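This report reads a structure of two chains part by part. Please keep the sequence and the model in view while following the text.

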Amino acid sequence: MATGEFFLEVRCEEIPARMLQPAVKELATRAFEVLLSKGLTPSEVETGFTPRRLVLTLSGLPSRERDREEELLGPPAKIAFDQDGKPTPAAIGFAKKCGVEPTQLKTVNTPKGDYLAADVFTEGRATPEVLAEQIVPILKDLSWAKSMRWAAGQGPWVRPVHGLVALFDQEVVPMTLFGVDAGDSTCGHPIHSPRSFKVSGKADYDRKMTQRGIVVSYEERREQLGNQMEKLAKKLGGQLADDPELLDRLTSTCGIPGVVQGEFDPAYLALPREVLATSLRDHQSAFTIESADRLLPNFLTVMDRADDPEGRVRAGNEWVVAARLDDARFFYSEDRKKTLADRVSDLDHLIFHLDLGSYGDKAKRIRELSTSLCDVLGWNDESDLACEAADLLKVDLTTEMVKEFTSLQGVMGGAYAREDGEAEPVWQAIYDQYRPVSSQDEVPRGRVGLVVAIADRVDTLVGMFGLGMVPSGSRDPFGLRRAAQGLVRIVLEANLPLDLDMVAARSARLYGDRLKKGAEEVLADLRPFIQDRVRRLLGQQGYAYDSIEAAIGAGSSNLPELAARVDAVQRVREEADFLSVVLAAKRIANIVKDTPEQEFDANLLCESAEIDLHKSAEALRAKIEKAEAEGDHESSLRHIAELAEVLDTFFVEVLVMDEDRDLRMNRISLLQSIQRLISRTARLTEVVVDRSEHREKTASKD
Amino acid sequence: MHPDTFLRVLGPEPWKVGYVQPSRRPADARYGENPFRLGKHYQFQVVLKPSPENIQETYIESLEALGIDLKVHDLRFEEDNWEAPTLGAWGVGWQVMLDGMEITQFTYFQQTGGLDLQPISAEITYGLERITMFLGLSRSVYDVDWVADGVSYGQVRHQDEVEFSRYYFEVADVEFLRQTFDGYENEARRCLEAGIVLPAYECALKCSHLFNVLDSRGAVSVTERVALIKRVRDLSVACAKEYVASRERLGFPLLSVESASAGDEEDGRGDG
């Protein structure tokens with residue numbers, strides 16, 4: 001039966017879990033694109049995988065490539081025929097190349113003159129022939145995060161390849177991948193169903209795989225695993241930890257979706273919950289189960305088999321979990337021999353960066369910077385607590401637990417500080433210092449947490465930028481983008497009226513002479529870097545890029561104020577008067593550009609339109625300043641928009657470039673002052689105006 | 001890394017070897033108090049060069065030969081790439097997990113001593129304590145039978161763990177270790193100059209171990225760490241180059257040896 005189905009299965013040794021999904025996605029996309037370009041568009045594309053196989057099905061493919069008719073251009077007509085009108089060797093050669101008789105050649109007129117041309121018909125090839133040619137190069141070229149060679153030097157590919165099934169409408173498509181010929185037989189699980197068997201296509205393959213308990217569809221396998229685990233968690237009287245990433249990972253480590261449930265000694269529940277969860281997740285890829293805000297002494301994980309007939313799988317996993325938790329308890333009890341406060345001096349031996357000093361030095365700078373931040377924000381009651389938090393902030397880097405589970409840094413320090421009896425704002429500040437860790441995550445709780453989180457990030461950014469380590473391209477070994485991103489989110493979301501330039505300058509001073517660059521130079525690099533994060537964040541919130549750009553153009557060191565100006569621009573940007581002022585601003589910018597500031601003399605104004613403009617501007621100046629002072633940027637922009645009419649009249653009636661130099665310069669000076677005034681809230685020239693739209697709006701207003 | 005692995009995987013000559021080797025990891029020492037972690041454990045090392053087509057099947061059969069009935073266990077190969085910076089060596093492979101426990105490290109070597117390998121060798125490292133503990137589900141490694149008539153692992157090895165933990169964490173003299181490191185480094189260089197690569201490599205191995213002891217003693221700062229690793233690496237790279245050159249001078253003698261097992265046919269076991 002011809003359904004135009006191409007079925008492909010590549011069998012190999014276990015592909016790393018993290019690479020499987022991207023690989024089948026890339027395979028499907030590239031196969032689809034290449035076939036599309038040949039006129040072979042599949043109606044459906046399906047993928048699947050287990051650790052040992054990649055599967056691709058393309059259905060509804062035509063049986064042949066489309067035929068092509070092209071006009072090929074040959075030599076110029078004037079050299080194609082001799083005096084007798086007979087074809088020259090040039091013409092004959094061209095005809096031969098095109099596979100036509102010289103008599104079938106024609107002359108076409110091109111901009112370069114008359115040329116010989118031939119209509120060439122190429123018959124489309126049968127689909128299997130195209131597949132045989134196109135699929136293997138795509139497979140070989142898949143972009144693996146890490147590839148290898150094997151045997152005599154085969155590869156490179158992700159793992160050694162052992163089998164290849166390639167069928168088009170049940171017929172084998174001849175192809176060879178790393179010495180392995182395509183055929184029509186595959187096999188099941190290497191232990192439970194290793195014998196090879198024939199398949200005729202996707203439906204037959206799925207049926208035979210299902211018989212062997214193997215679920216090739218990733219989505220289906222994930223759902224089955226998730227459901228089984230939720231059911232088991234419920235039965236235990238709890239709820240499965242919410243961890244979609246772990247479920248993704250586990251789904252990619254098995255072909256047969258089986259779940260194994262285990263217990264551990266409840267005595268381990270005395271360990272901080274974070275430690276238990278991290279140990280189980282990171283070391284054993286196991287889900288924890290929660291009940292009423294505490295953990296149950298159970299875990300769930302995945303096995304690559306359907307059942308556990310003798311309980312060996314469970315026993316083995318429990319055995320390993322016990323070992324892991326025992327280790328965690330060892331680290332914990334080692335760590336608890338001293339309080340965090342007792343360990344502060346250990347930071348002096350831990351290098352933050354060779355040129356920037358130890359973590360002890362960093363802690364002292366964070367302390368100082370936190371104090372200044374509390375001053376600026378008027379958070380006097382938090383100042384002492386912020387200093388305490390700063391002292392302890394990085395101490396967990398010296399603990400055994402964090403050396404073992406680096407992902408617990410911050411969280412572990414917070415948990416230890418909590419047990420040491422530190423004040424709640426202090427332990428929370430330590431606990432939350434790396435938040436937000438993702439775009440969904442929240443910023444630190446409480447003022448102390450906010451202050452030290454800002455100070456820590458500014459310190460890192462200023463230090464690294466001060467050494468000239470500005471991230472470029474994908475290279476960002478110190479995670480500076482993430483630090484800046486976090487900084488921007490914290491300041492914006494907590495709505496903190498901080499002048500970041502001042503904070504950074506203060507931070508640079510705290511480095512003394514460690515930095516290779518001066519504070520001004522650091523700021524010049526850092527400012528655009530932070531602006532980029534602001535652009536991204538506000539862009540994600542739906543603000544137009546030019547609204548953001550306009551607001552940044554009028555100053556960007558106070559982020560909440562900046563965000564409010566972006567919002568104001570966004571609100572008024574559709575209004576006709578405002579757009580009219582935007583156009584005027586662009587015009588002014590063109591006129592005054594490159595002209596230094598001029599002396600202004602109101603007495604030199606002579607035409608009524610320029611006198612009107614000056615008077616209106618002076619009348620609005622106070623209103624604009626007042627609105628700005630009150631943080632009412634929208635009103636400020638509306639006041640600016642009030643200049644629309646006088647500006648329009650000015651440009652209609654007044655010739656700025658007057659022959660009289662004094663008049664000319666005075667008018668330029670007037671425009672310079674107008675420019676400053678109307679750029680108070682946003683650099684209006686950045687706003688993009690669709691002129692046709694603007695005309696319409698103006699017309700409807702009139 | 002034993003010379004029968006590190007050096008033999010270099011160059012074109014085929015090689016098949018299996019041997020038991022103690023592996024010392026000072027940082028994992030636990031004073032004999034942790035039932036699962038040891039400062040020294042035993043590995044059964046297998047190197048097959050070039051890596052055979054059916055190596056995974058053979059490995060699975062080897063587990064069955066050890067008495068592990070895989071029909072009732074969960075065997076999985078999880079990505080775990082191996083790297084030894086002090087040896088300029090890395091490979092791609094898995095940790096083999098049996099019911100959630102790592103029992104083997106399975107690696108296709110790609111480079112050693114900074115040299116690209118061809119052909120590629122597969123190294124299978126069986127963790128002997130892990131496997132024996134696992135077979136008996138012992139709660140502690142020290143309860144494992146060393147021999148069947150009731151001599152336990154603890155009776156044979158516990159003192160070793162206690163004393164070496166004390167040595168690594170408390171007693172080892174940092175200054176002496178540094179001097180010894182310098183001495184062996186120097187000796188390795190001298191051997192290389194004399195054109196004797198096997199003794200040179202042995203000295204390099206001693207440096208590698210001394211570095212590990214210094215590290216576990218907490219005596220190595222971040223920057224020094226990088227510098228020490230580089231010094232050992234430089235020795236390893238020099239040994240690797242010299243070994244290949246020395247084998248070439250001998251005409252790669254093992255190239256002419258027919259592999260005894262060449263042409264072995266496997267049964268119908270698939271590899272899916």
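In this predicted model, the buried residues of helix H14 of chain A are covered by elements that include helix H11 (383-392), helix H13 (411-419) and helix H15 of chain A. Helix H14 spans residues 424-432, and 7 of its 9 residues are buried, so that the helix is mostly covered. The buried positions are A:Val426, A:Trp427, A:Gln428, A:Ala429, A:Ile430, A:Tyr431 and A:Asp432.

**The nonpolar cores**

Which residues touch the most other members of the largest nonpolar core? Within this set of 247 residues, they are A:Ala389, A:Val452, A:Ile454, A:Val581, A:Leu643 and B:Ala204. Helix H15 (residues 446-466) of chain A contributes the largest share of this core, namely 12 residues. Another core, of 8 residues, lies apart from it; A:Ala80, A:Ala91, A:Phe94 and A:Leu105 are among its members. As a general background, nonpolar side chains in soluble globular proteins tend to be buried together.

The surroundings of A:Val581 may serve as an example. Once its neighbours within four places in sequence are left aside, A:Val581 is in contact with A:Ile640, A:Ala641, A:Leu643, A:Ala644, A:Leu647, A:Ile678 and A:Leu684.

**The two chains**

The table sets out values for each chain.

| Chain | Residues and radius of gyration | Radius of a compact globule |
|---|---|---|
| A | 702 residues, 36 Å | near 27 Å |
| B | 272 residues, 20 Å | near 19 Å |

For chain B, the radius of gyration of 20 Å agrees with a compact globule, because such a globule of 272 residues would have a value near 19 Å. For chain A, a compact globule of 702 residues would have a radius near 27 Å, but the chain has 36 Å. The C-alpha atoms of chain A fill a box of roughly 105 × 100 × 50 Å along the principal axes. The C-alpha trace of chain B spans about 55 × 50 × 35 Å along its principal axes.

Chain A contains 26 helices and 20 strands, while chain B has 7 helices and 10 strands. In chain A, 42% of the 702 residues count as buried; in chain B, 41% of the 272 residues do. Of the contacts in chain A with a separation of 6 or more, 67% involve residues 24 or more positions apart. In chain B, among contacts between residues at least 6 apart in sequence, 62% join residues at least 24 apart.

**Where the chains meet**

How many residues of chain A are in contact with chain B? There are 45 of them, and they are in contact with 41 residues of chain B. On the side of chain A that touches chain B, at least two residues each come from strand E7 (148-150), strand E9 (161-168), strand E13 (185-187), strand E18 (294-303) and helix H8 (312-335) of chain A. Helix H8 of chain A gives the most to this side, with 11 residues. By residue type, this side of chain A divides into 20 nonpolar, 11 polar and 14 charged residues.

**Confidence of the prediction**

The predictor gives the complex an ipTM of 0.90 and a pTM of 0.77. Chain B has a mean pLDDT of 90, and 94% of its residues reach 70 or more. Over residues 259-272 of chain B, however, the pLDDT is below 50; this stretch has 25 contacts in the model beyond near neighbours in sequence. Where pLDDT is low, the predicted coordinates should not be read in detail.

Terms used
Residues numbered from 1 in each chain as written. Chains lettered and ligands numbered in written order. Predicted model: local features only at pLDDT ≥ 70, side-chain atom pairs only at ≥ 80, totals over all residues. Core = buried A, V, L, I, M, F, W, Y, C linked by C-beta atoms within 7 Å. Buried ≥ 20, exposed ≤ 12 C-beta atoms within 10 Å, placed from the backbone. Helix = DSSP H or I, 4+ residues; strand = E, 2+ residues; numbered from the N terminus. Contact = placed C-beta atoms within 7 Å. Nonpolar A, V, L, I, M, F, W, Y, C, P; charged D, E, K, R; others polar. Rg over C-alpha atoms; globule rule 2.2 N^0.38 Å. pLDDT = per-residue confidence, 0-100.
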